[in-house]
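Visitor: Please take a close look at the salt bridges, and at the parts of the chain that they join. I would like one connected account, with the surroundings included where they help.

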Amino acid sequence: MTNQQLAGGLALILGFGMGASTAQAVDGLEGDPQRGEGLTQTCVSCHQADGSGQNVPGGESWPRLAGLPEGYIARQLKDYQEGRRDSSTMAPFANLLDDQGIADVAAYYARLPVTEAQGGDDVDDATLARGEELALRGDWNQYIVSCQSCHGPGNAGAGEVFPGIASQHAGYIADQLHHWQEGERANDPQGLMAAIARRMSDEDVRAVSAWLARQRVTSE
């Protein structure tokens, strides 16, 4: 089997796993962005009014939600509610929403323009080159699949299944990779994201997080 075939097969497995979960999260409800905006007042302290989030060096970073796929946002909120994803800060907010509220909030954030990420400015050229390698080509010697194999060309997202990780805060990307490594996050299909993360060194995590944060996308 070639590297290309292996990457394609992994993306297909991931697609089936997350596709089914997304459909369950949305449950056929159509989100209303205007209603969703009214429900996000408790979100702005961390995710900001424009959905840009925050990069907090040495602390808890908050992801950009603006422009992420509607189905993906809905899935994460349901996972917080039902304990598949753990966060002492996010779970209380997610639990304030019923299914229609989740659909509305997801619709609102999905329609906001993608904002620029923060972080990744304090790394050298060699670190950025390693980050680019992992994001675009992977490292087959370490059995690390490239990010864009699943997250789409330019890592700008692939429909409702895989979120855009280009122009996402470096601190948040690094935090999530560490959570997968340590088993603190496990809402990925078949444990594939965790398996990839565990093959990455701390230097790899820093490199790919910095490189992805420095990428600019206009839409997802």
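Guide: A residue is called exposed here when its relative accessible area is over 50%, buried when it is under 20%, and partly exposed in between. The model is predicted, and every value below is computed from it.

First, the setting. The protein has eleven helices and zero strands, so read in order along the chain the pattern is α-α-α-α-α-α-α-α-α-α-α, with helices numbered from the N terminus. Of its 220 residues, 51% count as buried. The exposed surface comes to about 10,600 Å², with 51% of that supplied by carbon and sulfur atoms. Among contacts with a sequence separation of 6 or more, 71% are between residues 24 or more positions apart.

Now the salt bridges. A search of the whole structure turns up twelve. One of them pairs R111 with E70, with an N to O distance of 3.1 Å. R111 sits in the loop between α6 (99–110) and α7 (125–136), while E70 belongs to helix α4 (residues 70–82), so this pair ties together parts that are 41 residues apart in sequence. The two partners fall in separate classes of accessibility: R111 has 52% relative accessibility and counts as exposed because the cut-off is over 50%, whereas E70, with a relative accessible area of 23%, is partly exposed.

Helix α4 takes part in another bridge, between K78 and D99, where N and O are 2.9 Å apart. K78 lies in α4 and D99 in helix α6, so the pair ties together parts that are 21 residues apart in sequence. K78 is buried, with a relative accessible area of 11%, and D99 is partly exposed at 30%. This pair also belongs to a wider arrangement: R75, K78, D79, E82, R84 and D99 are linked in a network of salt bridges.

Back in the loop between α6 and α7, E116 forms a salt bridge with R216, the closest N and O atoms being 3.5 Å apart. E116 is in that loop and R216 is in the segment after α11 (202–213), so this bridge ties together parts that are 100 residues apart in sequence. E116 is exposed, with a relative accessible area of 56%; R216, at 45%, is partly exposed.

T115 is in the loop between α6 and α7 as well. T115 is buried, with a relative accessible area of 16%. Leaving out residues up to four places away in sequence, T115 touches D50, S52, R64 and S167.

The helix that follows this loop, α7, also meets α11. The axes of α7 and α11 come within 7 Å and cross at roughly 85°. The angle lies in the range of 65 to 115 degrees, so the two helices are roughly perpendicular to each other. On the α7 side the contact is made by T127, L128, R130, G131, E132, L134, A135 and L136, and on the α11 side by D204, R206, A207, V208, A210, W211 and L212. By type, these contact residues divide into nine nonpolar, two polar and four charged.

Beyond α7, two loop residues have a positive phi without being glycine. Y143 has a phi of about 60° and lies in the loop between α7 and α8 (148–151). N155 has a phi near 55° and is found in the loop between α8 and α9. Their accessibilities contrast: Y143 counts as exposed at 56% relative accessibility, while N155 is buried, with a relative accessible area of 0%.

One more arginine deserves a mention. R185 is found in the loop between α9 (170–181) and α10 (192–198). At 6% relative accessibility, R185 counts as buried. R185 touches Y72, Q76, R85, Y172, Q176, H179 and W180, again not counting residues up to four places away in sequence. R185 and D86 are 99 residues apart in sequence, and their C-alpha atoms are 7.0 Å apart in space.

Technical notes:
Residues numbered from 1 in each chain as written. Predicted model: local features only at pLDDT ≥ 70, side-chain atom pairs only at ≥ 80, totals over all residues. Heavy atoms only, no water. Salt bridge = Lys/Arg side-chain N within 4 Å of Asp/Glu carboxyl O. Helix = DSSP H or I, 4+ residues; strand = E, 2+ residues; numbered from the N terminus. Buried < 20%, exposed > 50% of the residue type's maximum accessible area, 1.4 Å probe, protein only. Axes fitted to C-alpha atoms, helices over the stretch in contact; angles between N-to-C directions. Parallel < 35°, antiparallel > 145°, perpendicular 65-115°, else oblique. Contact = heavy atoms within 4.5 Å. Nonpolar A, V, L, I, M, F, W, Y, C, P; charged D, E, K, R; others polar. Areas by Shrake-Rupley, 256 points an atom, 1.4 Å probe, with all protein chains shown as cover.
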